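Subject: A structure to look through, with notes

Dear colleague,

I am handing over the structure below, and I would ask you to keep it open while you read the notes that follow. They go through the main findings one part at a time.

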Amino acid sequence: MRYGMSKRWFIALLLLPALHVGAQGIRLTRYDAPNALYLYADHLYNYNMYERSRIELAMAWITPNENAATRRQVVGQWSLRPYIAYSTGDRALKYGLATQLRLKGVRNVRLWLWASNDLERAASRRMEGYHLLEPSLNDGLVSSRFVGVKGGGMGVKLPPRYGMELTMGVRQTWEDYRFDSSSLLYPNREEERRAEVRPFTEIQGRWRWDHIGNGHSSTTVELCAGRAAGNEVDHYWRALAQYDGNLLGEEQPAVQTFRPVGLHLFAQVGFASAEAPYCRMFDLSGTANAPYYFRNTFLTVRPNSFTANLFAHLCLNYTAPLPLRELSWSAPRPFLQLNAMWGHLLQQDATGQRLWEGLPLQSPNKGLLEPATGFVGLIHWGLTDIGMGVAYQLCPASAPYWSEDIDDKIAFLIVADLILK
């Protein structure tokens with residue numbers, strides 16, 4: 001399977017937001033209109049190795065509008081969120097619809113219902129969605145293992161206390177892999193290679209706590225218990241916990257960016273039971289061969305390299321809040337980063353390998369360290385800060401994934417962030 005991509009096109013795609021930046025939700029109706037209609041700009045364009053270019057039109061219709069001169073609620077505030085997307089790689093339409101009711105007289109309690117026909121990343125451990133305006137978080141650009149998902153779900157969202165949010169729901173989907181051990185699968189063009197469609201029934205829960213007074217720090221815990229039918233019925237459960245935030249308060253730079261400053265910690269631990277299908281395990285792979293610096297991932301590890309049932313990941317980053325010098329076209333700030341991970345496949349052999357659903361899987365059972373350093377803000381270009389970085393991979397020589405090839409251990413990277421002056 002080829003994971004490479006033209007570096008010229010890759011860089012152009014990442015810097016595309018510098019040409020036009022707008023609000024994530026663009027209001028299409030008057031500020032005080034009875035109802036509000038929004039266009040989600042951060043969903044307009046996406047890219048990954050399976051879909052290639054994805055164009056999406058996502059809207060939101062809300063009634064009554066909170067800013068309306070007069071508001072009349074029926075039960076509460078309703079929202080309708082349809083979307084439709086087309087991607088050039090698989091030449092397929094995706095679509096979905098979600099409706100939500102914010103109950104009247106109850107503080108921020110919401111009921112929701114959704115249905116869609118789309119793709120999801122297999123074995124994903126990402127809790128954040130895609131955002132066009134934050135390219136450094138979109139490591140899905142190099143993803144190639146996706147699952148086709150049709151179905152829907154419903155649930156309730158409520159705040160136990162200020163700064164916290166609890167979501168509980170059920171989900172029924174029909175899923176099929178869009179990849180095998182050697183290549184991508186396009187069932188709309190290769191009928192003979194169509195994968196088995198399996199029904200999944202899941203109960204899900206998510207608790208999020210945004211820490212007040214500590215920047216954008218948050219703690220999130222996700223729990224899932226499910227049943228996957230097919231030739232065999234697999235009952236499984238999955239748990240994932242994450243902390244993402246600043247450890248020390250730091251003076252903010254004069255030029256604001258989307259990148260955290262000061263000492264920042266990203267940490268995850270997860271567990272998936274032995275019966276969990278591959279798509280419910282954890283992909284611990286990285287973004288090697290991409291010339292761009294992605295946050296909270298491994299910069300020297302190739303895509304689809306590591307999978308685990310049990311894992312721990314820590315990423316500690318320090319970015320200087322003040323520049324070494326400040327010019328109209330440059331304000332360089334150094335950063336230091338240390339990435340560390342360990343993972344285990346249940347029922348793996350002595351080398352950390354396991355064959356599961358026809359896929360040869362490898363866990364980082366000996367651990368892996370990845371120090372990185374560089375500069376952000378070397379050059380101001382339009383609304384983009386451009387810098388550079390380098391990362392190096394360290395692991396025991398006894399690890400089955402150790403390589404003596406220097407090209408497998410080192411990565412030179414472009415660092416690019418949107419800036420707000």
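In this predicted model, the largest nonpolar core holds 33 residues, and the members that touch the most others are Y278, L284, F306, M341, L361 and L368. Several strands feed into this core, since β8 (146–158), β11 (218–228), β12 (234–246) and β20 (359–362) each supply at least two of its residues. If you would like one residue to start from, take L284, which touches R125, F298, F306, A308, F311, M341, W342, G343 and P364 when residues up to four places away in sequence are not counted.

Nonpolar side chains also appear on the surface, where L247, L248, L314, L316, L338, L369 and L394 make a patch of about 550 Å². One of these, L369, has its place in strand β21, which covers residues 368–381. Is L369 buried, partly exposed or exposed? With a relative accessible area of 38%, L369 is partly exposed, because the partly exposed class runs between 20% and 50%.

Charged side chains come next. Side chains of opposite charge can pair when their charged atoms come close. The structure holds 23 salt bridges, and I have picked out a few of them for you to find.

In one of them, E120 pairs with R171, and the closest N and O atoms are 3.1 Å apart. Because E120 lies in strand β7 (residues 110–121) and R171 in strand β9 (residues 164–177), this pair ties together parts of the chain that are 51 residues apart in sequence. The two partners are covered to differing extents: E120 is partly exposed at a relative accessible area of 30%, whereas R171 counts as buried at 11%.

R280 deserves a careful look, as it takes part in a salt bridge with E175 and in another with E202. In the pair of E175 and R280, the distance from N to O is 2.9 Å, and the link joins distant parts of the chain, with E175 in strand β9 and R280 in the loop between β14 (262–272) and β15 (282–283), 105 residues apart. E175 counts as buried at 3% relative accessibility, and R280 counts as buried at 8%. In the pair of E202 and R280, the closest N and O atoms are 2.6 Å apart, and here the link runs from strand β10 (residues 198–210), which holds E202, to the loop that holds R280, 78 residues apart. Both E202 and R280 are buried. Elsewhere, salt bridges that share partners join E51, R54, E56, D90, K94 and D118 into one network.

Another residue to examine is S136, whose place is in the loop between β7 and β8. S136 counts as buried, because its relative accessibility is 2%. Which residues is S136 in contact with, leaving aside its neighbours within four places in sequence? They are R259, Y292, Y293, F294, R295 and D417.

The backbone has a few details that are easy to pass over. The peptide bond from T63 to P64 is cis, with omega near -5 degrees, and P64 lies in the loop between β4 (52–63) and β5 (76–87). R52, which lies in strand β4, has a phi near 60 degrees, a positive value in a residue other than glycine. At 33% relative accessibility, R52 counts as partly exposed. E357 also has a positive phi, of about 55 degrees, although it is not a glycine. E357 lies in the loop between β19 (353–356) and β20, and with a relative accessible area of 35% it is partly exposed.

Finally, please keep the confidence of the prediction in mind as you read. The chain averages a pLDDT of 89, and 90% of the residues score at least 70. Over residues 14–23, however, the pLDDT is below 50, and this stretch has 21 contacts in the model beyond near neighbours in sequence. Residues 1–9 also stay under 50, and for them the model has 16 contacts beyond four places in sequence.

With best wishes

Notes
Residues are numbered from 1 along each chain as its sequence is written. This is a predicted model: local features need pLDDT of at least 70, side-chain atom pairs count only at pLDDT 80 or more; totals for chains, interfaces and linings use all residues. Side-chain values use heavy atoms; hydrogens and water are left out. A nonpolar core is a set of buried Ala, Val, Leu, Ile, Met, Phe, Trp, Tyr and Cys residues joined through side-chain atoms within 4.5 Å. Buried means under 20% relative accessible area, exposed over 50%, partly exposed in between (1.4 Å probe, protein chains only). Helices (H or I, at least four residues) and strands (E, at least two) are DSSP runs, numbered from the N terminus. Contact means heavy atoms within 4.5 Å. Patches are made of residues with over 30% relative accessible area and no salt bridge: like charges are joined within 9 Å, nonpolar side chains (Val, Leu, Ile, Met, Phe, Trp, Tyr) within 5 Å. Accessible areas come from the Shrake-Rupley method with a 1.4 Å probe; for residues, only the protein chains shown count as cover. A salt bridge is a side-chain nitrogen of Lys or Arg within 4 Å of a carboxyl oxygen of Asp or Glu. pLDDT is the predictor's confidence in each residue, from 0 to 100.
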